[in-house]
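Colleague: I am new to this structure. Could you show me how to read its features, one at a time?

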Amino acid sequence: MKYCQTCLQPNTRPNSVFSADGICPACDYFGRLKHVDWQDRYDILVDLLANSRRRPGQEYDCIIGVSGGKDSTRQALWARDRLGLKPLLACLSYPPQQVTERGVDNISNLIEHGFDVVLSAPAPGTWQRLMRHSFDRFTNWARSTELALFASVPQLAIRYHIPLILWGENPGLQLGDLKTLGRTGYDGNNLRYMNTLAGGGLDWMLEAGASPSELIPYRYPAPEAFDAHGLQIVYLGWFLGDWSLVNNGMYGTAQGLKIREDTVDNTGDLAGVTSLDEDWVTLNQMIKYYKFGFGRVTDYVNEEIRLGRLSRDKAIGLVEAYDDACAPGYIASFCDYIGITVDAFWQQVRANANPQLFDIRADGSIHRRFQVGVGL
Ligand SMILES: [Zn+2]
């Protein structure tokens, strides 16, 4: 395990390759942003939009997947108020056991801002069973739900005849998931190859006993369907020079977004602005830490280091203190939902912790072997 020379990204992030001089893809990208002419990029976007005007019978200019969180609130308002578009917002809603009151309020906030929002709710029994299978098989409960979240937007784009999909972050450039890179910095049509989606394959769900008809909401439209309907995903994050976790959180709260009140030692969320609509992503971030040696705090501090608002040394302290944070209450409610005991949960997490990065002691506690900022 090696760390980026500039930030605290370890080279254990899936689909990521460091440069010869030890710089992570996201820092490399950020370094190149200094030379970007943002007006130039804005002009590219305006041209792009001029070329994708509404076709006859098309009622919306674009579709935006929203959770009501910071990124989607910023995108929706920017698309309408700055770009003059009429967007349809698409929200995939979670079952009542998973969604937070805050998440519901944040969607209401967008509706109150005057947007049309189409809500879809996949069948809750299938959702629950697939989440359990996903956790059992991958020690990652979100494998199935992420597919549904990502698939819902192009599925609705096809049904509503809206070829333009606006997406937020470019995971290839802004996180370093290189498989998602497209023809240009804003081309999002390779989003399906993101690590969490793995090309959109459903085989493991079929093997787990789900029927093809139960998997309709999980089916990410194939490249052929994208071509047939002329779908184009455009990353808005590429056009916004100040796109970041903290900045988007500030824009969002100024527009009525409700953020977390729970403390960082329970959530690993330094500003309380991520995954506002549910709480179990927090335990997935903790599991990610045990698998790859980095969690939610790492993602935060890396952006802040690049923006020059936090020193690498100070960031090391934050990562050491909170990168594995997750309140026991979130774990308990998750275990209750998928029908396992908390002991079984920890047994599985320990069995899937990376043995090169972590030692597991006789009492079951997990200890890192690497030094944050230095590696192994
Ligand atoms: Zn870096």
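Colleague: Which residues are linked with Arg13 in a network of salt bridges?

Modeller: This is a predicted model, so keep that in mind throughout. Look for charged side chains that share partners. Here Arg13, Lys288 and Asp299 form a linked network of salt bridges.

Colleague: How far apart are the closest N and O atoms of Arg13 and Asp299?

Modeller: They lie 2.8 Å apart, and the pair forms a salt bridge. Now check where each partner sits in the chain. Arg13 belongs to the segment before helix 1 (25–33), while Asp299 is in helix 13 (residues 296–306). The two are 286 residues apart, so this pair links distant parts of the chain.

Colleague: Are Arg13 and Asp299 buried or exposed?

Modeller: Both are buried.

Colleague: How many salt bridges does the structure hold?

Modeller: It holds 18. Take another one. Lys86 pairs with Asp116, with the closest N and O atoms 3.4 Å apart. This pair also joins distant parts of the chain, 30 residues apart. Lys86 is in the loop between helix 3 (70–82) and strand 2 (87–92). Asp116 is in strand 3 (residues 116–120).

Colleague: Why does Lys86 count as partly exposed?

Modeller: Compare its accessibility with the cut-offs: under 20% is buried and over 50% is exposed. Lys86 has 36% relative accessibility, so it counts as partly exposed. Asp116, at 31%, is also partly exposed.

Colleague: What about Asp187 and Arg183: which is buried and which is exposed?

Modeller: Asp187 is buried because its relative accessible area is 4%. Arg183 counts as exposed because its relative accessibility is 67%. The two form a salt bridge, and their closest N and O atoms are 3.3 Å apart.

Colleague: Now a helix. What span should helix 6 have?

Modeller: Count the residues, then use the rise of each one. Helix 6 (residues 142–159) has 18 residues, so at 1.5 Å a residue it should span 26 Å. Its end C-alpha atoms are 25 Å apart, which agrees.

Colleague: Where does helix 6 bend?

Modeller: The bend is at Ala151, by about 30°. A proline, Pro154, follows within four residues.

Colleague: Why is helix 6 described as largely enclosed?

Modeller: Count its buried residues. In helix 6, 14 of the 18 are buried, so the rest of the structure largely encloses it.

Colleague: Which residue with a positive phi follows helix 6?

Modeller: That is His161, with phi near 55°.

Technical notes:
Residues numbered from 1 in each chain as written. Predicted model: local features only at pLDDT ≥ 70, side-chain atom pairs only at ≥ 80, totals over all residues. Heavy atoms only, no water. Salt bridge = Lys/Arg side-chain N within 4 Å of Asp/Glu carboxyl O. Buried < 20%, exposed > 50% of the residue type's maximum accessible area, 1.4 Å probe, protein only. Expected span 1.5 Å × (residues − 1). Bend = angle between axes of the 7 residues up to and from the residue.
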